[in-house]
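Subject: Structure for you to look at

Hello,

Here is the structure I said I would pass on. Please open it and keep it beside this email while you read.

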Amino acid sequence: MSELPTILLVEDDAAVQDTIRRLLELDGHRVKTAANGREALNFLQGATPPSLILLDMHMPDLDGWGFLKEARSIPGAENVPVLILTGTAGANPVWAAALGAADCVQKPVDPQELRMLVRRALIKP
């Protein structure tokens with residue numbers, strides 16, 4: 001029996017974090033959460049890397065841009081796919097790729113789009 005994929009959800013809005021966590025758990029994923037980039041980096045340094053990172057860009061302490069820069073230097077985390085969660089106008093897959101992410105999901109999050117992008121990101125090449 002294969003192990004459930006673990007997703008690290010990095011989101012500072014507690015209501016959004018709770019909603020997305022529940023959605024992902026309903027789909028059979030294990031979800032670990034962090035309220036900012038600093039908490040997420042601490043998780044990556046002390047645990048087996050997740051299968052996927054869902055990353056908000058606008059957070060206190062350490063934002064998504066800072067997290068991406070630092071996370072890529074953590075052994076084991078450098079190749080974990082990242083889906084960006086953002087309300088940034090004009091964000092698109094090309095913008096996400098330029099940041100080193102697999103894709104992006106616009107807020108407010110469409111559950112079906114999120115599910116599709118998570119499934120796609122978890123498929124190993």
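Below are notes on one strand, one helix and the loop residue just before that helix. Please keep in mind that this is a predicted model.

The strand β1

β1 covers residues 6-10, and five of its five residues are buried. Thr6, Leu8 and Val10 point one way from the strand, while Ile7 and Leu9 point the other way. That is the usual pattern: in a regular strand, side chains alternate between the two faces of the sheet. In β1, both sets are buried.

β1 has two strand partners to look at. It runs parallel to β2, and five bridges join them; in one of these pairings, Val10 is matched with Ala34 of β2. β1 also runs parallel to β3, this time with four bridges, and Leu8 has Ile53 of β3 as its bridge partner. Between β1 and β2 comes helix α1, residues 14-26, and together the three make a right-handed β-α-β unit.

The loop before α2

Asn36 is in the loop between β2 (30-34) and α2 (37-46). Is Asn36 buried or exposed? Its relative accessibility is 10%, and buried means under 20%, so Asn36 counts as buried. At the start of α2, a side-chain oxygen of Asn36 comes within 2.9 Å of the backbone nitrogen of Arg38. Beyond its neighbours within four places in sequence, Asn36 is in contact with Val10, Met59, Pro60, Asp61 and Leu62.

The helix α2

Which residues of α2 are buried? They are Gly37, Ala40, Leu41 and Leu44. These residues cover an arc of only 100° around the axis, so they are on the same side of α2. The spacing helps to explain such a pattern: an α-helix has 3.6 residues a turn, so residues three or four places apart point the same way. The buried residues of α2 pack against β1, β2, β3 (52-56) and α3 (64-71).

Leu41 is a good residue to select in this helix. It counts as buried because its relative accessibility is 2%. Not counting residues up to four places away in sequence, Leu41 touches Leu62, Phe67, Glu70, Ala71 and Ile74. Leu41 and Leu62 are 21 residues apart in sequence, yet their C-alpha atoms are 9.5 Å apart in space.

Leu62 is also on the contact list of Asn36, if you want a residue to begin with.

Regards

Key
Residues are numbered from 1 along each chain as its sequence is written. This is a predicted model: local features need pLDDT of at least 70, side-chain atom pairs count only at pLDDT 80 or more; totals for chains, interfaces and linings use all residues. Side-chain values use heavy atoms; hydrogens and water are left out. Buried means under 20% relative accessible area, exposed over 50%, partly exposed in between (1.4 Å probe, protein chains only). Contact means heavy atoms within 4.5 Å. The arc is that of the directions from the helix axis to the C-beta atoms. A polar contact is a pair of N or O atoms within 3.5 Å; within protein, one must be able to donate a hydrogen and the other to accept it, and residues adjacent in sequence count only if both atoms are side-chain atoms. Two strands pair if DSSP finds at least two bridges between them. A crossover is right-handed if, with the strands pointing away from the viewer, the path from the first strand over the helix to the second runs clockwise.
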